[in-house]
Number of protein chains: 2
Amino acid sequence: MPRQVDHKARRDQIAEALLDIVADHGLEAISVRAVAAQAGVSTGRIQHYFANKDELLAYAIEYQDWLVQQRWNEQAWPEGEPTPREALRWVLLETIPRDDRRRREWLVGVAYLIRMLANPKLRALYVDGLPRLYRLLADLVRMAQEAGDIAPDRDPEVEAELLFGLADSQGPPVVLGLRTPEQATAAIDYYLDHLFR
Amino acid sequence: MPRQVDHKARRDQIAEALLDIVADHGLEAISVRAVAAQAGVSTGRIQHYFANKDELLAYAIEYQDWLVQQRWNEQAWPEGEPTPREALRWVLLETIPRDDRRRREWLVGVAYLIRMLANPKLRALYVDGLPRLYRLLADLVRMAQEAGDIAPDRDPEVEAELLFGLADSQGPPVVLGLRTPEQATAAIDYYLDHLFR
DNA sequence: CTTTTTACAATACGTTCGTATTGCCAAAGC
DNA sequence: GCTTTGGCAATACGAACGTATTGTAAAAAG
């Protein structure tokens, strides 16, 4: 066997370029040539690593999903053992598009949503992830309740929905510049202050 | 002047076809020929009523925005003078994609979101609408408070954000079939039960 | 040193795209 | 009734598209 290259690295580099374009101009701006230009490679290279455009598109979100999971596995939780409140805050802030990386992830997620309707593999990325997130939030609320930091009459499932909804609904206004990430963070902190006592 | 036709009706019919395609397959599926086929007209007809593709795309969301405003102006409020709670519930349920019409509107809104980043005219549709919605929700909470139906220590602005977030976050799971519209409605009713007493 | 295979670059091919062009029919104005 | 003009259909055109094909440099295997 001749010259060996890191296949994943090459595919990831191409996926990076695709995700940049999608976040800026949507899926309709994706062409093999445009991705090649953004990545600074030839279309021949892209053809060498992806059988066709659909496979390229599919790899790119799977790659983004992998990126997100990497961050959650490595960075969570930032400093030692967090309290339920710290963990809750970390998770909620993680969902808002507060910096370039998270902004791109958020926009790409939006761009791929309609594709999920007809594509079961894409759908699974969302369908599997959301209930896990709800469960995590509810568990953290429960832990805080058991520690006496949240009033016992609060329903953890309902609180999980409210918290997620509050964080999730910050996405569009932040991305569109109607609200700053700081304001979105403040909204979440404000509600956490009410929830914890 | 010769034969006169209803220009708006023609344009709306074409916009309808475009919106159907966008909701099903995203903006990347839009071509003048595809819209013509969906509408059952010739591409010549589309060219006659729209200078180019961009103008067609722009007209279509403006048309959808007009449709939504029509419904809010005419159907709100369903039966006579509603209580603040009825009005609140009506508004919140209006934002969830519970039937084909609202589902299409929701999906089209998502599809156009990335275009709003670079297009001020599109952005305005969102940027103008959201604060008005927040204000409406907060006002309704305030009215209910003054009537003694909501505890006076609730912050109307915070409650507006929670209510909107709760309703808004139902969109993706409902559209993707993870949750039924009935379950989404139940989640909203459950929280309204807690808020009102 | 030769062979084989990987990793591409370059180009070619057929299709689809947005849009320009052309032509025709019907109705209103004179 | 002739002219004009709006309302199209049909077609044409160049660019861009996804992808197939071809060629080549280089490195591992023998």
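The following dialogue takes up terms applied to this predicted model.

Tutor: This is a predicted model, in which local features need pLDDT of at least 70 and side-chain atom pairs count only at pLDDT 80 or more, while totals for chains, interfaces and linings use all residues. Residues are numbered from 1 along each chain as its sequence is written, chains are lettered from A and ligands numbered from 1 in the order in which they are written, and side-chain values use heavy atoms, with hydrogens and water left out.

Student: Why is A:R102 called buried?

Tutor: Buried means under 20% relative accessible area, exposed means over 50%, and partly exposed lies in between (1.4 Å probe, protein chains only). A:R102 has 7% relative accessibility and therefore counts as buried. A:R102 is placed in helix α6 of chain A, a helix being a DSSP run of H or I of at least four residues, numbered from the N terminus.

Student: What does A:R102 touch?

Tutor: Contact means heavy atoms within 4.5 Å. Leaving aside residues up to four places away in sequence, A:R102 touches A:R71, A:E94, A:I96 and A:P97.

Student: Why is B:R123 called partly exposed?

Tutor: The relative accessible area of B:R123 is 29%, so B:R123 is partly exposed. B:R123 is found in helix α7 (residues 120-146) of chain B. Not counting residues up to four places away in sequence, B:R123 touches A:L176, A:G177, B:M116 and B:L117.

Student: What makes the relation of chain B to chain A that of a two-fold axis?

Tutor: Two copies of a chain are related by a rotation about an axis and a shift along it. Here a rotation of 180° with 0.0 Å of shift along its axis superposes chain B on chain A (RMSD 0.0 Å), the copies being superposed by least squares on the C-alpha atoms of residues with pLDDT of at least 70 in both. That is therefore the relation of a two-fold axis. The same surface serves both copies, as 100% of the contact residues of chain B recur in chain A.

Student: What is counted as a cavity, and how many of 30 Å³ or more are there?

Tutor: On a 1 Å grid over the protein atoms alone, a cavity is a set of points where a 1.4 Å probe fits but cannot get out, and its lining residues have an atom within 4 Å of a point. Grid points are joined across faces, edges and corners, and a volume is the space filled by probe spheres set on the points. By this rule there is 1 cavity of 30 Å³ or more. The largest cavity holds about 130 Å³ of space and is lined by 14 residues.

Conventions:
1 Å grid on protein atoms, 1.4 Å probe; cavity = no way out; pocket = protein on both sides within 12 Å on 5 of 7 lines; lining within 4 Å. Helix = DSSP H or I, 4+ residues; strand = E, 2+ residues; numbered from the N terminus.
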